[in-house]
Amino acid sequence: MTPSETAITNAMRQAIALARSVEGRTAPNPPVGAVALDETGAVLGGHAHQGAGLPHAEAGLIHKLRAEGRLDALHTMVVTLEPCSHYGRTPPCSQALIDVGAKQVFYGTPDPSEAAGGGHQMLEAAGVTVSGRLLAKECDALNAPFVKRATTGLPYITIKRAFRPDGVGGWTMLPAQGDKTFTRPDSLRKAHEIRKTCDGLLTGSGTVIADDPSFTIRHVDDHPKFVTGGAKRPLVLLDKRGRVSKEWTARAEENFDLTVLDTVESAIDHFAKLGCLQILVEAGPDLSDHMLNSGLWDQCYDFYRHRAEDELQIRFA
């Protein structure tokens, strides 16, 4: 007996949800989710990778099932990214799956890294049935930042903008006088969800002077390591002329690993050296337009304030 196609697909959807829940906390490792099934297709458990140096999703799930006394029932492992094949900070997940007798492995996105790729072949050589590209579109969207970093060495760049009617038939990114935001509560929640998924933030001096932003996550629950102060997100401020006050930078340093730089290129290089997977550009029209026009972006979220409700448009480079 083996799990049905429906059971396997549903398990992948659960694995994707698990991975999405840890976006923004795992860099330089990718956010990965895994779900284990028994031979009937019943879910034994799921796990998401929690960060560099900690067990990968598959290994963490194996540890969990062993502790619960259910490891012997493991038949099929479903994982969002191809199980790794190398010894890094942790042993290869492919070997761990072989060692515990997994019969089948389904994954979404092939591992693009030279060091860790090849898990598919390792598993098959040991007699494990392996199938890739399950829910490929969804898994590839999840893994896009990791794939870009693994293949180019650069972080995935997301831009977030908000527009309101300018009163003459067009749109403006500038809030009305006295306002710091003009998005509605649902849009603010979505904006903070986006911010939570990113490993670093990029802004400009104009935005800081105009809006006095905090850049903290307030409308959703942040990852625990940032709440407890165990880690700080990198925040790069572009301030070539030194216009931002020391008072603001002091406040920012309470919550962020703040770096002040001169150029976009130096900022991207800084994020790359830190191992960031995805950075969020939260800035005014000048910096946002520069990123878009120069091609230094991968994804853009545009919020439009209409009379009745906000509209969100998402586009990709």
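# A tour from the cysteines to the surface

Start with Cys-93: its relative accessibility is 1%, so this cysteine counts as buried. The model on your screen is predicted.

**Stop 1: the cysteines**

Keep Cys-93 selected and add Cys-84, which holds the closest cysteine sulfur. Does this pair bond, or is the gap too far for a bond? The two sulfurs are 4.1 Å apart, which is too far for a bond. The cut-off for a disulfide is 2.5 Å between sulfur atoms.

Next, select Cys-139. Its nearest cysteine sulfur belongs to Cys-93, 16 Å away, and Cys-139 takes part in no disulfide. Is Cys-139 buried or exposed? Buried: its relative accessibility is 0%. Across the model, the disulfide count is zero.

**Stop 2: the largest nonpolar core**

In soluble globular proteins, nonpolar side chains tend to be buried together. Here the largest nonpolar core has 22 residues. Which members touch the most others? Select Ala-36, Leu-74, Met-77 and Leu-97 to see them. Then colour β1, α2 (57-68), β3 (76-81) and β4 (104-109), the elements that each give two or more residues to this core. Helix α2 supplies the largest share, with four residues.

Centre the view on Ala-36 and show what is around it, ignoring neighbours within four places in sequence. Its contacts include Ala-42, Val-43, Leu-44 and Gly-45. Leu-61 and Leu-65 are also in contact with Ala-36. So are Leu-74, Thr-76 and Met-77.

Now move to a second core, separate from that one. It has 19 residues, among them Ala-267, Met-291, Leu-292 and Trp-297.

**Stop 3: the salt bridges**

Side chains of opposite charge can pair when their charged atoms come close. How many salt bridges does a search of the whole structure find? It finds 15.

Take Glu-68 and Arg-70 to begin with. Their side chains meet in a salt bridge, with 2.8 Å from N to O. Glu-68 is partly exposed, at 40% relative accessible area. Arg-70 is partly exposed too, at 34%.

Go on to Lys-160 and Glu-282. The closest N and O atoms of this salt bridge are 2.9 Å apart. Where do the partners sit? Lys-160 is in strand β6 (residues 156-165), and Glu-282 is in strand β11 (residues 278-282). The pair links distant parts of the chain, 122 residues apart. Both Lys-160 and Glu-282 are buried.

Now select Arg-161 and Asp-302. Their salt bridge brings N and O to 2.8 Å at the closest. This pair also links distant parts of the chain: Arg-161 is in β6, while Asp-302 is in strand β12 (residues 299-305), 141 residues away. Arg-161 is buried, as is Asp-302. Add Asp-289 and Arg-315 to the selection. Through salt bridges with shared partners, these two join Arg-161 and Asp-302 in one network.

**Stop 4: the backbone**

Most residues other than glycine have a negative phi, and most peptide bonds are trans. Three places to check follow.

Select Ala-27 and Pro-28. The peptide bond between them is cis, with omega about 5°. Pro-28 belongs to the loop between α1 (5-21) and β1 (33-37).

Then jump to the loop between α7 (205-211) and α8 (224-227), where Asp-212 lies. Asp-212 has a positive phi, near 50°. It is partly exposed, at 36% relative accessible area.

Stay in the loop between α7 and α8 and pick Phe-215. Its phi is positive as well, near 65°. Is Phe-215 buried or exposed? Its relative accessible area is 5%, so Phe-215 is buried.

**Stop 5: a nonpolar patch**

Switch to a surface view. Select Leu-312, Ile-314 and Phe-316, which form a nonpolar patch on the surface. Together they have about 280 Å² of accessible area. Leu-312 belongs to strand β13 (residues 310-316). Its relative accessibility of 33% makes Leu-312 partly exposed.

Definitions and conventions
Residues are numbered from 1 along each chain as its sequence is written. This is a predicted model: local features need pLDDT of at least 70, side-chain atom pairs count only at pLDDT 80 or more; totals for chains, interfaces and linings use all residues. Side-chain values use heavy atoms; hydrogens and water are left out. Patches are made of residues with over 30% relative accessible area and no salt bridge: like charges are joined within 9 Å, nonpolar side chains (Val, Leu, Ile, Met, Phe, Trp, Tyr) within 5 Å. Accessible areas come from the Shrake-Rupley method with a 1.4 Å probe; for residues, only the protein chains shown count as cover. A salt bridge is a side-chain nitrogen of Lys or Arg within 4 Å of a carboxyl oxygen of Asp or Glu. Buried means under 20% relative accessible area, exposed over 50%, partly exposed in between (1.4 Å probe, protein chains only). A nonpolar core is a set of buried Ala, Val, Leu, Ile, Met, Phe, Trp, Tyr and Cys residues joined through side-chain atoms within 4.5 Å. Contact means heavy atoms within 4.5 Å.
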